[in-house]
Amino acid sequence: MSLRQLNRSGPITEHRGLRLVLCGVLLTGIAACSKVHDAEAAANSGTYTGAPAVAAATQREGASPVSVRLSEWKLELSQLTVPTGEVEFSVTNGGTMLHAFEIEGQGLEKELEPLNVGATGTFRLTLPPGTYELYCPIDSGAHKKMGMIAHLEVLGPVDLGRLVTAMKQGGYVIVLRHGATNANQADTDPLHRDNIASQRLLSAQGREVETRVGDSFRKLGIPLGKVYSSEFNRATETAKLVSGKSVTTTPDLTEGGLLSRPQKTRAAPRR
């Protein structure tokens with residue numbers, strides 16, 4: 001059953017509010033509408049958003065695609081959650097030196113041959129539910145220790161009807177990552193977050209997707225209570241678009257301290 005079908009099901013009642021948190025991590029797995037968030041972002045965004053997101057609500061036909069970008073010193077995934085089954089990884093070395101890719105978890109370990117700068121490698125794996133560690137194994141794990149590591153969550157089947165019904169009762173904390181941003185912008189003054197002109201901002205597609213996410217919450221009758229976000233404008237704007245409410249910013253949800261560079265223009269790796 002799709003979320004669009006759920007939108008048409010039965011009367012909508014409102015109960016205790018849920019708390020919405022916007023920060024640098026994407027969804028805890030309890031929010032059905034977040035699945036729309038990732039599915040629509042995948043269809044509309046040509047850029048990585050750093051960590052993104054939860055997989056589509058229903059099992060895709062064929063392999064679930066996951067794009068991986070390796071660079072100094074990070075490993076970026078096009079999505080952090082996929083449905084159980086076959087997954088196709090497309091790994092690109094977007095850095096300035098040799099990198100490799102390895103996935104490990106649930107008794108499985110698979111390594112891709114080292115990739116030269118600009119090279120791309122692909123492979124498919126059938127993954128059971130669970131958490132998997134993805135990293136660059138170059139130099140006996142030195143690249144991994146410097147930050148080239150991420151985690152992929154493989155989900156089993158989800159009863160969306162039951163999930164939405166539970167969320168209508170309230171009592172959950174919904175955690176979302178900000179929407180897709182402009183790849184040619186950077187955080188050049190992260191210590192002064194009131195300087196919006198120096199930040200990486202939501203793209204037009206990012207705003208469109210987050211507006212639709214908010215529409216989905218409202219159509220499903222899922223109430224939202226207090227809303228918190230990072231101090232970065234992209235997170236605050238996402239929170240407002242999704243919730244339609246005033247937003248409380250807090251440094252507790254704000255990552256920072258490092259400069260980020262604009263991404264080079266490239267073909268859309270996914271999403």
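**Exercise 1. Place I149 in the fold.**
Task: Find which strand holds I149, and state whether I149 is buried, partly exposed or exposed.

Solution.
Step 1. I149 sits in strand β10, residues 149–155. Helices (H or I, at least four residues) and strands (E, at least two) are DSSP runs, numbered from the N terminus.
Step 2. The model is predicted: local features need pLDDT of at least 70, side-chain atom pairs count only at pLDDT 80 or more, and totals for chains, interfaces and linings use all residues. Residues are numbered from 1 along each chain as its sequence is written, and side-chain values use heavy atoms, with hydrogens and water left out.
Step 3. The relative accessible area of I149 is 31%, so I149 is partly exposed. The cut-offs: buried is under 20% relative accessible area, exposed is over 50%, and partly exposed is in between (1.4 Å probe, protein chains only).
Step 4. List the contacts, where contact means heavy atoms within 4.5 Å. With neighbours within four places in sequence left aside, I149 touches L75, E133, L134, Y135 and K144.
Step 5. Check F101 too. The C-alpha atoms of I149 and F101 are 9.6 Å apart, and the two residues are 48 apart in sequence.

**Exercise 2. Order the open sheet.**
Task: Give the order of the four strands in the open sheet, and say which are the edge strands.

Solution.
Step 1. The order is β3-β2-β5-β8, with mixed pairing. Two strands pair if DSSP finds at least two bridges between them.
Step 2. β3 (74–77) and β8 (120–127) are the edges, since each pairs on one side only.
Step 3. From one strand to the next, the twist averages 25 degrees. Axes are lines fitted to C-alpha atoms, for helices over the stretch in contact, and angles run from 0 to 180 degrees between N-to-C directions.
Step 4. Take β2 (residues 64–71) and β5 (residues 85–93). They run parallel and are joined by seven bridges. S67 has S90 as its bridge partner in β5, and V66 stands opposite F89.
Step 5. Now β5 and β8. They run antiparallel, with eight bridges. E86 has T126 in β8 as its bridge partner.

**Exercise 3. Trace the aromatic cluster.**
Task: Which residues do ring pairs link into a cluster?

Solution.
Step 1. Search the whole structure: three aromatic pairs turn up. Rings of Phe, Tyr and Trp (its six-membered ring) pair if their centres lie within 6.5 Å; planes under 30 degrees apart are stacked, over 60 edge-to-face, and the rest tilted.
Step 2. F101 and F123 make a tilted pair, 5.9 Å centre to centre, with 40 degrees between the planes.
Step 3. F101 belongs to strand β6 (residues 99–105) and F123 to strand β8, so this pair ties together parts 22 residues apart in sequence.
Step 4. F101 and F123 are both buried.
Step 5. The cluster linked by ring pairs consists of F89, F101 and F123.

**Exercise 4. Find the buried face of α5.**
Task: Which residues of α5 are buried, and why do they lie on the same side?

Solution.
Step 1. α5 spans residues 204–220, which is 17 residues. From first C-alpha to last, α5 reaches 25 Å, close to the expected 24 Å at 1.5 Å a residue. The expected span is 1.5 Å times one less than the number of residues.
Step 2. The buried residues are G206, V209, E210, V213, G214, S216, F217 and L220.
Step 3. These residues cover an arc of only 150 degrees around the axis, which puts them on the same side of α5. The arc is taken from the directions from the helix axis to the C-beta atoms.
Step 4. Recall the general rule: an α-helix has 3.6 residues a turn, so residues three or four places apart point the same way.
Step 5. Just after α5, G221 has a positive phi of about 75 degrees.

**Exercise 5. Check the backbone outliers.**
Task: Which residues does a cis peptide bond join, and what is the phi of D139 and of S140?

Solution.
Step 1. Start from the norm: most residues other than glycine have a negative phi, and most peptide bonds are trans.
Step 2. The cis bond joins E72 and W73, with omega about -15 degrees. W73 lies in the loop between β2 and β3.
Step 3. D139, not a glycine, has a positive phi of about 60 degrees. D139 is in helix α3 (residues 138–145) and is exposed at 56% relative accessibility.
Step 4. S140 has a positive phi near 55 degrees. S140 is also in helix α3, and its relative accessible area of 76% makes S140 exposed.
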